[in-house]
Amino acid sequence: MSFSRIVLLSVALCMLSFTATEAEIGNAEEGKAVFRSRCSDCHEVETDKRKIGPDLRGVWGRTSGTFEGFVYSEAMANAGVVWDEANLSNYLLNPRKFIPQNKMAFNGLKRPGELEDLLEYLKSLTP
């Protein structure tokens, strides 16, 4: 293989690596829009108004089933999951698969980029 082909291949691989890394990092502003369209009917992040689901301010690092004053399903209360990037990702892609018998009526995020954006937004709400 010639030197120029090796250089071109190296550059192409670096570009692919950079693009993959960029795709994994969400945008909090876009995540806010995802939250408003997909989550805000049931969850709150800006006021103390009670809704169907628990408040998601500070969810990052919280243990599942522990938001004070919200009545969780037995499955969620006993799951003991700490909401970090990996666990929130798995949950938000398919809540019923990640924690079977939880009561959240949501089929999961399916559109490209929604998950990463929403994760960045939720992370931004953590003090």
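Which helices do the buried residues of helix 4 pack against? The legends below take up this point after an overview.

**View 1. Overview of the predicted all-chain fold, with six helices and zero strands.** This is a predicted model, in which local features need pLDDT of at least 70 and side-chain atom pairs count only at pLDDT 80 or more, while totals for chains, interfaces and linings use all residues. Residues are numbered from 1 along each chain as its sequence is written, and side-chain values use heavy atoms, with hydrogens and water left out. Along the sequence the protein reads α-α-α-α-α-α, where helices (H or I, at least four residues) and strands (E, at least two) are DSSP runs numbered from the N terminus. Of its 127 residues, 31% count as buried, that is, under 20% relative accessible area, as opposed to exposed (over 50%) or partly exposed (in between), with a 1.4 Å probe and protein chains only. The accessible surface, from the Shrake-Rupley method with a 1.4 Å probe, comes to about 8300 Å², and 57% of that surface belongs to carbon and sulfur atoms.

**View 2. Confidence along the chain, with residues 6-23 under pLDDT 50.** The mean pLDDT (the predictor's confidence in each residue, from 0 to 100) is 86, and 81% of the residues reach 70 or more. Over residues 6-23 the model has two contacts beyond four places in sequence, a contact being heavy atoms within 4.5 Å. Where pLDDT is low, the predicted coordinates should not be read in detail.

**View 3. Helix 4 (residues 85-93) and its packing partners.** Leu88, Ser89, Tyr91 and Leu92 are buried in this helix, and the buried residues of helix 4 pack against helix 3 (74-79), helix 5 and helix 6. At the start of helix 4, a side-chain oxygen of Asp84 comes to within 3.3 Å of the backbone nitrogen of Ala86.

**View 4. Aromatic pairs, of which the whole structure holds five.** Rings of Phe, Tyr and Trp (its six-membered ring) pair if their centres lie within 6.5 Å, and planes under 30 degrees apart count as stacked, over 60 as edge-to-face and the rest as tilted. Phe70 and Tyr72 have ring centres 4.7 Å apart and planes at 75 degrees, so this pair is edge-to-face; both Phe70 and Tyr72 are buried. Trp83 and Phe98 form a tilted pair, with 6.4 Å from centre to centre and 40 degrees between the planes. This pair links distant parts of the chain, since Trp83 lies in the loop between helix 3 and helix 4 and Phe98 in helix 5, 15 residues apart. Trp83 is buried at 6% relative accessible area, whereas Phe98 is partly exposed at 26%, and Trp83, Tyr91 and Phe98 form one aromatic cluster.

**View 5. Cys39 and Cys42, in a structure with zero disulfides.** A disulfide is a pair of cysteine sulfur atoms within 2.5 Å, and the sulfur of Cys42 is 8.8 Å from the closest cysteine sulfur, in Cys39, which is too far for a bond. Cys39 counts as buried at 11% relative accessibility, while Cys42 is partly exposed with a relative accessible area of 30%.

**View 6. Gln101, a residue other than glycine with a positive phi.** The phi of Gln101 is near 70 degrees, and Gln101 lies in the loop between helix 5 (95-98) and helix 6 (114-124). With a relative accessible area of 71%, Gln101 is exposed.

How values were computed: Polar contact = N/O pair within 3.5 Å; in protein donor to acceptor, adjacent residues only side chain to side chain.
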